[in-house]
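This report goes through a structure shown below. Please keep the sequence and the model in view while reading.

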2 protein chains.
Amino acid sequence: MPASPFTPGKQSSECAARLGHVTTPHGVFQTPVFMPVGTQATVKGVTPDNLRDIGAEIILANTYHLFIRPGHELIREFDGLHKFMAWDRPILTDSGGFQIFSLRELRELAKITEEGAAFKSHLDGSPLFLSPEDAIMVQEALGSDIMMCLDTCIPYPATRNEAAKATALTARWAGRCRAAQNRETGQLLFGIVQGGMYTDLRRQAIDELQEIGFDGYAMGGLSVGEPKDLMLDITEQTAAMMPRDYPIYLMGVGTPEDLVEGVWRGVDMFDCVMPTRNARNGMLFTSTGKVVIKNAQYRRDQRPVDESCSCYTCRNFSRAYLRHLYMAHEVLAANLNSIHNLHYYVGLLAGIRKAIAEDRFKEFRRDFYANRC
Amino acid sequence: MPASPFTPGKQSSECAARLGHVTTPHGVFQTPVFMPVGTQATVKGVTPDNLRDIGAEIILANTYHLFIRPGHELIREFDGLHKFMAWDRPILTDSGGFQIFSLRELRELAKITEEGAAFKSHLDGSPLFLSPEDAIMVQEALGSDIMMCLDTCIPYPATRNEAAKATALTARWAGRCRAAQNRETGQLLFGIVQGGMYTDLRRQAIDELQEIGFDGYAMGGLSVGEPKDLMLDITEQTAAMMPRDYPIYLMGVGTPEDLVEGVWRGVDMFDCVMPTRNARNGMLFTSTGKVVIKNAQYRRDQRPVDESCSCYTCRNFSRAYLRHLYMAHEVLAANLNSIHNLHYYVGLLAGIRKAIAEDRFKEFRRDFYANRC
């Protein structure tokens, strides 16, 4: 087993929640953590300076998108993503597995074989191929701090047989990823636990990945259409089976409620496009629930989006102004809304960490729900 | 004559260029100055913090657009634009005359009578009316530091008779604007010199406006399709006739070259959408000419847009990254390009002021042209 990059901190006495920190080539980040998503080497609508102001300690970028545009060879010439996008803190790169899964599900544009994933570019339809070895090679060119193994995501619903086959293939690919990795770069590599909604397959996946040995372990294939209760059950059961001396990452999840529940169940790391995507659609997260900024009720509203928020947007601008920008299709609407929503997500995790440190996460969770109208 | 808000500084020994400053309710700005355009109560693609970093001392907003959306009464509830858009430095509001002119020229959506301008909203076609008195009332609600009289812009080409009629109407409207103004707000009011390409009409307009007495004088109806040489000739001749103890403002102009030539001919104030509009279209201004960022030649270019530029964009990002953002349709492209172009324009005027202070504007102007490829 590799030495773990994870240093555990305080363990909640109330639930599986815990503090910790992860050490990477570009520094340390605290857990539990939310990672803003920078799909195309930019977190949509914000600058790196905004991200630092917001308190983001690590961001995520996408192997699939950057492989297609501008290409990993170009980013290699910049010695990686950090210099290319002017972000000097840790970066995690998703492997592309989920994007290829989405292509396959939605548009039948991808085909999975033992060798890897054949797919068509979403830009121009040109045929492309990504093997597990390619996924590592691309992520090494990107120079991310945490690389993810190429995986095959399992749709919901899926038969046990389908899930078992995909889980086994993901494990074989994980072995190939680990073998292909250049250990001298210092980049961490996480394995992805698939298994669909079958806990025995999740258990088997964990065993197989641990056998190979990774620097962290992620749960994939959740929030793919299954009921919320089932998602949380699988998260809880899988997290409980995962090696607790390594970081535990729940991929692509989710709502503020999902983050609170994920931490409660032992998850250390999260990412989701929701704060930035919803921001561009005018949906703002607040401590008392959602604000749909285009609603007429905010037309003359001189209050900030969230009166308890300290972000740049809330310190300077009213709901009425944000509504005006949104209705007028101004670029600044996307900027200010994204700053607010990311601040909310990053701040939520900071609040959770403080509550765990004071061993009152149960009270925090109760108040979190009580405050929502 | 009202006391002038303009304090003249050094006069160039080489040309009509001069330094000065203008005192407004929200502070002083140095001249010659470029005013970034914030049509809809936001300078497109940048935050107020960005504008301060860039060094913008005054911005412009549009009466026409804000009258239609969100409405001046809403902005009045915020005690004006400054609080609404979180900008605490001076704001000049255009009167709406040019927008109504554009509606009339392009889509026959406006009709000018002695009483004022009847026009249809560009948003929903609803019929609206703006008299000179309305234009002042709206700008008082907006609380701008400098208000502009409602004017009737003259197309190019126009017959002498057409130009004379419009110039006379603009003068009558100017009198009504001045009479309608509440002098207790401290807001300044500028008159607009029309006259088309007829210098005797420009002379007549200046005389009539001076008779009424304003806090500053603007040249309107330039850069409306006339040849560049003619624009500069009319600017030179008109500026020479204008009262030099008040600020002289050339409306809606122009390219970097136009600014250099305008200052040379005695202009103190400029505004133009070019830096922000071109930024969104991927056209960047530099000390050595234009950069069209989508061009393949920049694909691997690790240099900043302008190696002599100190803006946030040039300090942190390469041409290759900006090209990637532009090709990927990322919001950040508009942000970073707008920051750069506005910094270029504001910085160009700062450089011009320094050159005038050192009485070497002629040398500055020569170098400005020599550096452009």
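The sections below cover the basis of the model, the relation of the chains, their contact, the sheets, the core and some backbone details.

## Basis of the model

This is a predicted model, in which local features need pLDDT of at least 70 and side-chain atom pairs count only at pLDDT 80 or more, while totals for chains, interfaces and linings use all residues. Residues are numbered from 1 along each chain as its sequence is written, and chains are lettered from A and ligands numbered from 1 in the order in which they are written.

Helices (H or I, at least four residues) and strands (E, at least two) are DSSP runs, numbered from the N terminus. Strands are taken to pair if DSSP finds at least two bridges between them.

## Relation of the two chains

A turn of 180 degrees with a shift of 0.0 Å along the axis lays chain B on chain A with an RMSD of 0.0 Å. That is the relation of a two-fold axis. The superposition is by least squares on the C-alpha atoms of residues with pLDDT of at least 70 in both copies. Among the residues of chain B, B:Val331 comes closest to the rotation axis, its C-alpha lying at 3.6 Å.

## The contact between the chains

Chain A and chain B each give 29 residues to the contact, where two residues are in contact if their C-beta atoms, placed from the backbone, lie within 7 Å. On the side of chain B that touches chain A, at least two residues come from each of α3 (72-77), α4 (81-85), α13 (319-327) and α14 (331-357) of chain B. The largest share, five residues, comes from α13(B).

By type, this side of chain B has 16 nonpolar, eight polar and five charged residues. Here Ala, Val, Leu, Ile, Met, Phe, Trp, Tyr, Cys and Pro count as nonpolar, Asp, Glu, Lys and Arg as charged, and the others, Gly among them, as polar.

## The three-stranded sheet

In chain A, three strands make an open antiparallel sheet in the order β1-β2-β3. The edges are β1 (6-11) and β3 (27-31) of chain A, each with a single partner strand, so one side of each has no neighbour in the sheet. Neighbouring strands are turned by 15 degrees against each other on average, direction ignored. Axes are lines fitted to C-alpha atoms, for helices over the stretch in contact, and angles run from 0 to 180 degrees between N-to-C directions.

Four bridges hold the antiparallel pairing of β1(A) with β2 (residues 18-24) of chain A, and A:Phe6 stands opposite A:Val22 in β2(A). Helix α14 (residues 331-357) of chain A packs on this sheet and touches β1, β2 and β3 of chain A, with its direction at about 120 degrees to that of β2(A).

## The eight-stranded sheet

A second open sheet of chain A has eight strands in the order β4-β14-β13-β12-β11-β10-β6-β5, with parallel pairing. Its edge strands, β4 (33-35) and β5 (59-62) of chain A, each pair on one side only. The average turn between neighbouring strands of this sheet is 25 degrees, direction ignored.

β5(A) runs parallel to β6 (residues 91-94) of chain A, joined by four bridges, and A:Asn62 stands opposite A:Asp94 in β6(A). Helix α8 (residues 199-212) of chain A packs on the sheet, touching β11 (188-193) and β12 (216-219) of chain A, and its direction makes about 155 degrees with that of β11(A).

## Core and buried helix

The largest nonpolar core has 243 residues, and A:Ile59, A:Phe190, B:Ile59 and B:Phe190 have the most contacts inside it. Such a core is a set of buried Ala, Val, Leu, Ile, Met, Phe, Trp, Tyr and Cys residues joined through C-beta atoms within 7 Å. A residue is buried if 20 or more other C-beta atoms lie within 10 Å of its own, exposed if 12 or fewer, and partly exposed in between, with C-beta atoms placed from the backbone.

In helix α10 (residues 256-264) of chain A, eight of the nine residues are buried, including A:Asp258, A:Glu261 and A:Trp264. A:Gly266, which follows α10(A), has a positive phi near 105 degrees.

## Backbone details

Cis peptide bonds join B:Arg69 to B:Pro70, with omega about 5 degrees, and B:Tyr156 to B:Pro157, with omega about -5 degrees. B:Pro70 is in the loop between α2 (63-68) and α3 of chain B, and B:Pro157 is in the loop between β10 (146-148) and α7 (160-180) of chain B.

B:His329 is not a glycine but has a positive phi of about 55 degrees. B:His329 lies in the loop between α13 and α14 of chain B and counts as exposed because it has 9 C-beta neighbours inside 10 Å.
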